[in-house]
Amino acid sequence: MKILRADIYPLSIPLIEPIKMSREIVVDAKTVLLCLTDEKGRQGWGEASVAPLMTGETLDSLIGSIRYLVEKSLSIDWLEPDNFADTFSLFLYSNASAKSCVEMALLDLYTQEACVPLWQYLRSRNKSLNELPPTAIPLLRMLGGSLEKELSDAKTFRDLGFRHWKIKIGSPSLEEDLHRVKMLCDSLAGDVISVDANCALTLTDAIRFCQSEEASRLTFVEQLIPADLSMDDFALLKNSSGIPIGLDESIHGVAELEQFIDANAIGGASLKLIKTGGIIKALECAKLLSEHKLGLNLACKIAETSLSAAATASIGFATGEVSWGFSMSNQYLKFDVCDAPLIAKHGYLEVSQLASTGIGVTPSINRVREVIAKGYSVIQC
Ligand SMILES: [Mg+2]
């Protein structure tokens, strides 16, 4: 499979409403789409979003790295998906998001050529699951804003079928967070409820949070403490907590997962393609979590389009169970780039939405062109 042409689209897509996290407020999705055209005229699409606090990549650095990788890709005959990531590493150190974007587009082309949906190709690699039909993936809904708004949104989306939730914590005081968590747990009793501090708590506050009565009904807590704390600190937190400890910013791949598993310092992980460097490596992480009976949350960055959502969901359909839910962030966009965006059905994503060969969704070029980031233009290689 040879690549003849590449088009890189730097996008800025407004969110329905700003999303406040402990260290930033996100008002728009800064994301990059890549369209590769192969020698048979097929088009394969990839996406990666900026995440300066998670991957260190900005819109400019992401565009530069993707362009660099694509220019190298033009002279290569792409044959075996297992080798794609190693090939990227011959040219570029680190830069997981850019590698994920290019791998996604190559896998879209590869599975189109093989006439198979991406999720089915990935599932065929897991022999123990291949004969079983994939189950729908539960979608995780984020709550934010004032407590009144959070309670109102919780009711609205629960009535629509959502049963998996994430509460962002870490910006008000610990007491305020504990009160919010208690009120939301009262309102959502019986559901899968999590909190995410995005590294904002001290170890002392994190232990206090996990041992509090208010937090006792949570299914898991995500990245309460900074990723640069010691492994002993993470192990202490896990051993002090009756609630499973999920990690996000701490986990970028199999090597880190194995370290945390060996240290008995992790109860589950949030996997994002921009961290693992692509779909194949994220699938390896998901399998490792499953083997150790640890929680799995699949997640897109806030926010990515249906394209990244479909690629990430394919890992869920290939894995078998997404116990901690799938954070499908296109639901927070004012505008998706696909004419038929992925949508929640009773709080779940069904595999029938990804029935086409390849990734399963295709961006509309007209919609893409409407949301080119201000001051940027399409780059052709
Ligand atoms: Mg997180």
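Helices H10 and H12 each give at least two residues to the lining of the second largest cavity. That cavity takes up about 40 Å³, in a model that is predicted rather than solved by experiment. From there, this briefing moves out to the pockets, the strands and a few local details.

**Enclosed cavities**

- Searching the whole structure turns up two cavities of 30 Å³ or more.
- Around the second largest cavity you'll find Glu47, Ser100, Lys272, Leu273, Ile274, Ala299, Glu304, Ser308 and Thr312.
- That lining is an even mix, with three nonpolar, three polar and three charged residues.
- As for how such gaps are found, rolling a probe the size of a water molecule over the atoms shows where empty space is left.

**The largest pocket**

- The largest pocket holds about 490 Å³ of space.
- Its lining has 24 residues, and the ones nearest the centre are Lys20, Leu143, Gly144, Gly145 and Glu150.
- Four elements each put at least two residues into this lining: strand E1 (3-20), strand E5 (140-143), helix H5 (147-159) and helix H6 (174-187).
- By type, the lining of the largest pocket splits into nine nonpolar, six polar and nine charged residues.
- Both domain 1 (3-115 + 363-380) and domain 2 (122-354) take part, each giving at least three residues to the lining of the largest pocket.

**The second largest pocket**

- Next comes a pocket with a volume of about 410 Å³, the second largest.
- It has 21 lining residues, and Ser94, Ala96, Lys275, Thr276 and Gly277 are the closest to its centre.
- Helices do much of the talking here: helix H2 (84-91), helix H3 (96-113), helix H9 (254-262), helix H10 (273-276) and helix H11 (279-291) are the elements that each give two or more residues.- H2 has the largest share of the lining of the second largest pocket, with four residues.
- Sorted by type, the lining of the second largest pocket has seven nonpolar, eight polar and six charged residues.
- Domain 1 (3-115 + 363-380) and domain 2 (122-354) each supply at least three residues to the lining of the second largest pocket.

**The eight-stranded sheet**

- Eight strands make up an open sheet with parallel pairing, running in the order E5-E6-E7-E8-E9-E10-E11-E12.
- At the edges sit E5 and strand E12 (326-327), each of which pairs on one side only.
- E5 also turns up in the lining of the largest pocket, where it supplies at least two residues.
- Inside the sheet, strand E6 (residues 164-168) and strand E7 (residues 192-196) pair in the parallel sense over five bridges.
- Look for lysine 168, which stands opposite aspartate 196 in E7.

**Antiparallel partners of E1**

- Strand E1 runs antiparallel to strand E2 (residues 25-38), and the two pair over 13 bridges.
- Proline 10 stands opposite valine 32 in E2.
- E1 also pairs with strand E14 (residues 379-380), again in the antiparallel sense, over two bridges.
- Here aspartate 7 faces its opposite number, glutamine 380 in E14.
- Either way round, strands of a sheet pair through backbone hydrogen bonds, parallel or antiparallel.

**A stretch named in UniProt**

- UniProt, in an unreviewed entry, places the feature "domain: Mandelate racemase/muconate lactonizing enzyme C-terminal" at residues 147-244.
- In the model, residues 147-244 are 47% helix and 13% strand, and the C-alpha atoms at the two ends lie 25 Å apart.

**Aromatic pairs**

- The count of aromatic pairs comes to nine.
- In the pair of tryptophan 78 and phenylalanine 88, the ring centres are 5.6 Å apart and the planes meet at 50°, so this pair is tilted.
- Tryptophan 78 is in the loop between helix H1 (59-73) and H2, while phenylalanine 88 is in helix H2, and the two are ten residues apart.

**Backbone details to look up**

- Going from isoleucine 302 to alanine 303, the peptide bond is cis, with omega near -10°.
- You'll find alanine 303 in the loop between strand E11 (295-299) and helix H12 (306-319).
- Serine 94 has phi near 60°, a positive value in a residue other than glycine.
- Serine 94 lies in the loop between H2 and H3, and Ser94 is also among the residues closest to the centre of the second largest pocket.

Conventions
Residues numbered from 1 in each chain as written. Predicted model: local features only at pLDDT ≥ 70, side-chain atom pairs only at ≥ 80, totals over all residues. Heavy atoms only, no water. 1 Å grid on protein atoms, 1.4 Å probe; cavity = no way out; pocket = protein on both sides within 12 Å on 5 of 7 lines; lining within 4 Å. Points joined across faces, edges and corners; volume = space filled by probe spheres on them. Nonpolar A, V, L, I, M, F, W, Y, C, P; charged D, E, K, R; others polar. Domains from an automatic or database assignment. UniProt positions renumbered as here; feature names shortened; annotations may be inferred. Pairing = 2+ DSSP bridges. Phe/Tyr/Trp six-rings, centres within 6.5 Å; stacked < 30°, edge-to-face > 60°.
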